[in-house]
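User: I am new to this structure and would like a close look at a single part of it. Please take me through the helix packing in one place and then show me what else can be said around it.

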Amino acid sequence: MSDTALRLTDVRKAFSGVEVLHGLDFDLRKGEVLGLVGENGAGKSSLMNIVGGVLPMDSGTMELFDEPYAPRSPSYATEKGIAFIHQEPNLFTNLTVAENMFIDGFPKTRFGAIDGKAIGRITQDCIDRFSLPVTPDTKVEFLSAGIRQMVEISKALMKNARIMIFDEPTTSLSRREKEGLFKTIDELKQRGISIVYISHIIEDVFRLCDRITVLRDGLIAGTSPVSEISENELIKRMVGREMTRIFPSIEKTISDTVLLEATSIKWQERVNGVSLRLRAGEIVGLYGLMGAGRTELAKVLFGVEQRDHGELAINGRALSHVSPGVCIGENAAFITEDRHNEGLLTTKSVDDNLSLVKMADLTNRVGVVNVGERARYNRQAIKDLQIKVADPKHQLANSLSGGNQQKVVFGKWVMKDPKVFILDEPTRGVDVGAKFEIYSIIVNLAKRGSAVLFISSEIQELIGTCDRIVVMKDGCITGDVPKSEFDQERILQMALQGQG
Amino acid sequence: MNELYAICKRNVWPVFRDMPILPLLIVSFIVAIVYVPLFFTLDNLRNYLLQSSDLLIISCGLTFVVLNGGIDFSVTSILTLGSVVGAYIMALSPLAPVPACSIPVAIVVMMGIGLLVGVVNGLSVTKLKMPSFVATLATQLIVLGLAVQFTSMVSDTSSIAGLPEAFFVLGGEGRFFFVPILIAFSVWLVSYWLLGRTIFGKRVYAIGVNPRVSFISGLPVKRTIVLLMVISGLFAGVASIIATARNQVGMSSLGDKMFLTTIASVIVGGTSTSGGLGGVHKTLLGVLFITLLNNAMNLLGVGWYTMMIVLGVLIILSAVSSYLLSSRAGWTWKRKVADV
């Protein structure tokens with residue numbers, strides 16, 4: 001018996017003749033947490049899909065606990081003890097916790113009916129194991145993202161998972177939930193379960209993992225124990241070049257013109273009297289923990305939700321009824337945190353997505369769209385933002401990698417040259433290289449005289465790009481820190497305790 | 001030979017994959033020519049196109065709604081109400097003795113009925129936030145009920161006859177057979193242009209895929225929905241003019257069989273009921289195909305109920321084929337892109 005849980009040897013995979021995995025050797029030891037990092041498009045997802053039986057490999061071998069392993073389907077992989085925990089839990093929100101646990105095989109009574117007692121009992125055991133604050137018959141829709149994830153982990157344990165693969169598990173979790181998840185991962189490790197942890201958040205990977213494997217352009221760029229590699233070396237290994245600058249340094253000036261002024265905005269107990277000013281050329285960071293009301297504030301400012309109280313003026317004009325259409329008329333733009341449901345028409349082409357906002361300007365009085373102009377603007381955006389797309393006219397938005405999808409959303413708005421730009425978590429799920437490009441887009445917009453409101457949960461990126469950071473807690477602003485006084489601990493304290 | 005194969009693969013295959021109904025239509029047409037007696041005669045082909053014309057108009061209107069992710073059940077009721085009210089104006093009302101006056105009035109009223117019901121549908125969906133399924137089911141019942149009530153009030157039978165001769169031109173009477181065909185083709189062309197070239201059309205598709213993304217991107221979602229409901233109603237009104245003129249009577253049962261064939265034409269044509277995919281080019285093929293079946297089965301003496309069975313099977317088949325083809329199409333795209 002070796003101590004290897006999963007070993008891949010010379011695995012190759014090509015998509016219509018283009019090889020994306022060029023002969024990978026990969027091993028996961030028993031009871032270890034292995035970090036898997038790499039830029040978007042490096043092949044992480046392809047690799048994990050092969051392990052999970054979603055995709056077949058073209059050549060190579062896999063061994064699972066020293067036995068040859070060739071998954072034919074995802075359910076075969078589950079049966080063999082491989083479980084996936086995705087960034088969005090795969091649970092049925094309209095069913096209860098217990099029903100979700102048993103959805104693919106309910107225990108039956110002698111008469112063929114579902115054995116409700118057994119379900120309740122087994123589920124209760126799982127709940128007790130992690131002391132989750134739920135009962136077996138709580139509906140999943142009432143649970144927070146963190147608890148949902150715990151339910152999913154419990155479900156995997158119930159099926160005797162021996163290997164758990166976490167794919168960006170923390171993106172929808174609050175800070176506290178994230179701590180809880182890390183604790184759980186430690187416990188899983190104690191039980192001898194092997195874990196692959198895929199993430200873009202380098203600090204987390206360093207904190208959690210025993211070893212880190214870097215994937216770059218379909219090849220393993222190295223595996224090292226955490227103690228033997230620094231963050232900088234890791235990033236260098238990921239991008240294949242020295243990342244001397246994580247944030248762009250571009251000179252710009254802030255003028256006194258106020259482009260957006262919000263006064264005591266209130267909305268449904270989630271936003272409790274927020275006042276905010278954005279000046280031309282200024283990048284204002286908005287920091288806060290999950291549930292602090294940042295996203296809600298952004299939605300109210302852009303008229304996606306109607307404010308209950310307060311004043312809003314864009315470009316010096318007071319707006320009584322705000323809708324996205326009105327805001328776009330005042331040359332404002334809004335990148336939402338939820339790319340799939342609010343940002344992209346995922347089943348439409350890249351071209352259709354890019355021109356969605358700008359199209360109204362490219363239309364004559366009869367309503368005919370100027371196709372040539374439209375194509376010209378789209379090509380320009382693809383070039384300016386370096387969107388990697390082969391055939392923008394036919395390729396669907398959801399066929400792009402996360403970073404490129406986000407660039408398409410940017411392109412849609414940047415084409416209008418917006419004066420007020422509200423960004424909600426614009427770098428979520430985006431790799432290191434693309435992040436830098438997105439920061440550059442933001443800073444360049446400010447340089448041309450736009451006012452930017454930059455919402456993020458990553459304090460470093462706010463410190464790296466913003467001129468001022470506003471902190472929110474419980475729907476109120478608890479701090480407003482100028483660039484000269486940026487201090488990570490103090491900002492965090494404002495967000496946690498409401499004072500600096 | 002190899003060259004021919006390459007040309008086919010490059011140019012023909014993508015078209016067939018986009019519109020699986022096209023090869024089916026061609027094959028069915030050939031089969032009909034060979035096996036159905038009297039099918040390939042000038043008289044019958046003219047008849048075939050005439051039968052297609054009102055179906056095409058009404059299906060084009062419905063295509064707008066389906067592309068937007070909605071449904072409009074009220075179209076065939078509009079057809080019926082338009083038919084009986086129009087016939088009443090031309091045959092029984094005080095205006096009836098003066099065709100030069102009654103015909104234009106009837107035409108305006110028939111289109112007006114469609115417009116009005118369309119507005120009601122549009123406002124129910126946008127202002128009262130009813131799903132189009134529910135809103136148009138309600139108007140379908142109300143409008144059909146009104147049509148039957150109205151007919152029984154003004155006539156002893158379920159139809160109103162005695163329309164002026166001049167009106168039949170619009171139905172393609174005699175040497176004017178090209179009139180309804182031309183009208184239908186124009187309506188189709190306008191729809192094609194609206195959907196393909198104008199911002200309104202682009203919005204219909206975008207909202208059909210995801211109304212929330214569209215709203216946040218500043219598209220006038222509600223205005224677009226009202227507008228396309230109005231178009232659907234209006235087209236049904238236009239179709240009622242042509243159908244009434246062709247049948248030469250106003251009938252309260254005119255829309256009964258049209259309901260199935262209209263929805264079948266749009267779906268079998270290949271416009272997705274989940275919204276955002278398809279178009280009137282597909283609906284045209286759907287209409288030609290469904291009418292071909294109808295026509296051929298009539299000639300063969302097959303009854304309506306057999307036709308219903310065939311239509312049902314076809315809807316299932318088209319759903320299966322579009323699912324298979326689209327999932328494969330999605331697959332190839334995924335393969336082309338390195339990051340899966």
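Analyst:
**A loop residue, a buried helix and a helix with two partners**

With 19 C-beta neighbours inside 10 Å, A:T171 counts as partly exposed, because a residue is called buried at 20 or more such neighbours. The model is a predicted one, and in it A:T171 sits in the loop that lies between β7 and α6 of chain A. Leaving aside residues up to four places away in sequence, A:T171 touches A:Q87, A:R428 and A:G429. The C-alpha atoms of A:T171 and A:V274, which are 103 residues apart along the chain, are separated by 26 Å.

The elements on either side of that loop also take part in the surroundings of helix α5 of chain A, since the buried residues of α5(A) pack against β6 (82-85), α3 (97-101), α4 (116-129), β7 (163-167) and α6 (175-190) of chain A. Helix α5(A) covers residues 145-158, and its 14 residues reach 20 Å from the first C-alpha to the last, close to the 20 Å expected at 1.5 Å a residue. Eleven of these 14 residues are buried, so α5(A) is largely enclosed by the rest of the structure; among them are A:I147, A:M150, A:V151 and A:I153, and also A:R148, A:E152 and A:K155. After α5(A) comes A:N160, whose phi is positive, near 60°.

The helix packing to look at closely is in chain B, where helix α12 (residues 280-300) packs with helix α2 (residues 21-35) at an angle of about 25°, the axes being 10 Å apart. That angle makes α2(B) roughly parallel to α12(B), and the crossing of the two is left-handed. On the α2(B) side the contact includes B:L25, B:S28 and B:F29, while on the α12(B) side it includes B:K282, B:L285, B:G286 and B:F289. By class, this contact has eleven nonpolar, two polar and one charged residues.

Helix α12(B) also packs with helix α11 (residues 256-269) of chain B, at an angle of about 125° and with the axes 7 Å apart. The two helices are therefore oblique to each other, and α11(B) passes α12(B) in a right-handed crossing. The residues of α11(B) in this contact include B:T261, B:A264 and B:V268, and those of α12(B) include B:K282, B:L285, B:G286 and B:F289. By class, the contact of α11(B) with α12(B) has seven nonpolar, five polar and one charged residues. B:K282, B:L285, B:G286 and B:F289 of α12(B) thus appear in the contacts with both α2(B) and α11(B).

Note on methods: Residues are numbered from 1 along each chain as its sequence is written. Chains are lettered from A and ligands numbered from 1 in the order in which they are written. This is a predicted model: local features need pLDDT of at least 70, side-chain atom pairs count only at pLDDT 80 or more; totals for chains, interfaces and linings use all residues. Axes are lines fitted to C-alpha atoms, for helices over the stretch in contact, and angles run from 0 to 180 degrees between N-to-C directions. Helices (H or I, at least four residues) and strands (E, at least two) are DSSP runs, numbered from the N terminus. Angles under 35 degrees count as roughly parallel, over 145 as roughly antiparallel, 65 to 115 as roughly perpendicular and the rest as oblique. A crossing is left-handed if the near helix is turned anticlockwise from the far one by less than a right angle, and right-handed if clockwise. Two residues are in contact if their C-beta atoms, placed from the backbone, lie within 7 Å. Ala, Val, Leu, Ile, Met, Phe, Trp, Tyr, Cys and Pro count as nonpolar, Asp, Glu, Lys and Arg as charged, and the others, Gly among them, as polar. The expected span of a helix is 1.5 Å times one less than its number of residues. A residue is buried if 20 or more other C-beta atoms lie within 10 Å of its own, exposed if 12 or fewer, and partly exposed in between; C-beta atoms are placed from the backbone.
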